[in-house]
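User: I am new to reading protein models. Could you take me through this one, feature by feature?

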Amino acid sequence: MKTPPLIWTNIILFALSSLVAVVAVPWYAIVYGFSWTEIIAAVLCLGYCGMSITAGYHRLWAHKTYDAHPILQFIYAIGGAFALQNSALHWASDHRDHHRHVDNNDKDPYSAGRGFWYSHIGWMLRDYQGDSYNDYNNVKDLQKNRIVMWQHKHYVALAVITNVGIPALLGLLTGHLMAMLLLAGVLRLVLSHHFTFFINSLAHIWGNQPYTEKNSARDNGVLAFFTYGEGYHNFHHIFEYDYRNGIKWYQFDPTKWFIKAASWVGLTSKLRTCPQERIEQAKLQMQLMRLQQKVKHLPDADQILQTLEQEYNLLISRLQDYYQIKKELLQRKKQQLVAQYSQCEFKQRYSEFKQHLYLQRQQWAQLAAHYS
Ligand SMILES: [Zn+2]
Ligand SMILES: [Zn+2]
């Protein structure tokens, strides 16, 4: 197969920004130094870019795990352009292909099967997609979204305005233009790029697989820290319609926390989660498979395998029983609440009718007294 042509715009952009980040930024730090204002501004900009990608591009638009208010969508659209990771429409289209054809070296745009470099950045350096680059058939729903399409249409202008305009504006406000351009401009962009790229590369190489081995995705707490919670990638690849990636309370998933908190003020709604029962079943199935692999070489393997199978089946049936009764309990509580409400309403109607009768009796008595 012929090697596809290089995409020089991307190569120059990645090379120049990296060069400035590793040469000019440390040089400026040594010669002039950075103030806390610039460091805090860069961290905030980094967070804004990162969360626009994880909460916006990824969990909202690519996977539709929740609904978002247009104001929030607009904020994501601007932040996504600031993160310089192509338009939301294009990003979501690539990402849906990634999930659908994960690890398929021909169809997954950043297949981990082609190695770290390719899945991290290499896939963007050559025109590997060819004619399919502009094929947006898998994002027809997003083509009806006015904010997504507006951002797609004006992506280049928005990317330039945000990447030059925001750091420059911050620089002019603080009086340290060059420092702000270097830190909130270039270093922020380079870090933001690689933190996201880690999800395509490292999150498919480094970590454990508690839920599935059907694809290369891994759960990794360290990566979750740098990727705003996206490091729980093994869970994500099996339950991609769940708005959470880290499902345990102690797992670092600020994207999930943000989406949840935004629902309290009406900025997000219809947060989708996978039933706990299915999550536990997937995990148990993986444990069983691993145990079977481990014991199959033991002398009494047949006996152990049989016991494992029996206990596993029993556990699954107990699990199903428990979640079934839990569901019924919730339904009963709901019915009770409805009953309580209607009883309350009934009592109120009783009092109202009693009052109406009393008033009408008084009226009658007055009328009767008047004519008798
Ligand atoms: Zn995804
Ligand atoms: Zn992935």
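Analyst: What follows goes from the ground rules to helices, cores, domains and loops. This is a predicted model, in which local features need pLDDT of at least 70 and side-chain atom pairs count only at pLDDT 80 or more, while totals for chains, interfaces and linings use all residues. Residues are numbered from 1 along each chain as its sequence is written, and chains are lettered from A and ligands numbered from 1 in the order in which they are written.

User: Which residues does UniProt list as "transmembrane region"?

Analyst: UniProt positions are given in the numbering used here, with shortened feature names, and annotations may be inferred rather than shown by experiment. The unreviewed UniProt entry lists residues 7-30, 36-57 and 155-173 under that name. Helices (H or I, at least four residues) and strands (E, at least two) are DSSP runs, numbered from the N terminus. Residues 7-30 are 96% helix and 0% strand, with end C-alpha atoms 34 Å apart. For residues 36-57 the figures are 100% helix and 0% strand, and the ends are 30 Å apart, C-alpha to C-alpha.

User: Which residues of helix 6 are buried?

Analyst: A residue is buried if 20 or more other C-beta atoms lie within 10 Å of its own, exposed if 12 or fewer, and partly exposed in between; the C-beta atoms are placed from the backbone. In helix 6 (residues 146-153), the buried ones are Ile147, Val148, Gln151 and His152.

User: Why are they on the same side of helix 6?

Analyst: An α-helix has 3.6 residues a turn, so residues three or four places apart point the same way. Here the buried residues cover an arc of only 135° around the axis, which puts them on the same side of helix 6. The arc is that of the directions from the helix axis to the C-beta atoms. Arg146 and Lys153, on the other side of helix 6, are exposed.

User: What covers the buried side of helix 6?

Analyst: The cover includes helix 2 (36-62), helix 3 (70-82), helix 4 (88-100) and helix 7 (155-174). Take Ile147 as an example: this residue is buried, with 21 other C-beta atoms within 10 Å. Two residues are in contact if their C-beta atoms, placed from the backbone, lie within 7 Å. Leaving aside neighbours within four places in sequence, Ile147 is in contact with Pro70, Gln73, Phe74 and Ala77.

User: How many residues are in the largest nonpolar core?

Analyst: A nonpolar core is a set of buried Ala, Val, Leu, Ile, Met, Phe, Trp, Tyr and Cys residues joined through C-beta atoms within 7 Å. The largest has 44 residues, and Trp61, Ala88 and Ala92 have the most contacts inside it. Helix 2, helix 3, helix 4, helix 6, helix 7 and helix 8 (177-200) each supply at least two residues of this core. Helix 2 gives the most, with 12 residues. A second, separate core has 14 residues, including Ala203, Ala217, Ala224 and Phe239.

User: Where do the domains begin and end?

Analyst: Domain bounds come from an automatic or database domain assignment. Here that gives domain 1 (8-272) and domain 2 (277-347). Their C-alpha centres lie 36 Å apart. The contact between them takes 7 residues from domain 1 and 4 residues from domain 2.

User: Which loop residue has a positive phi although it is not a glycine?

Analyst: One of them is Lys64, with a phi of about 50°. Lys64 sits in the loop between helix 2 and strand 1 (67-68). Lys64 is partly exposed, with 16 other C-beta atoms within 10 Å. Lys270, also not a glycine, has a positive phi near 50°. Lys270 is in the loop between strand 2 (268-269) and helix 12 (276-295). With 11 C-beta neighbours inside 10 Å, Lys270 counts as exposed.
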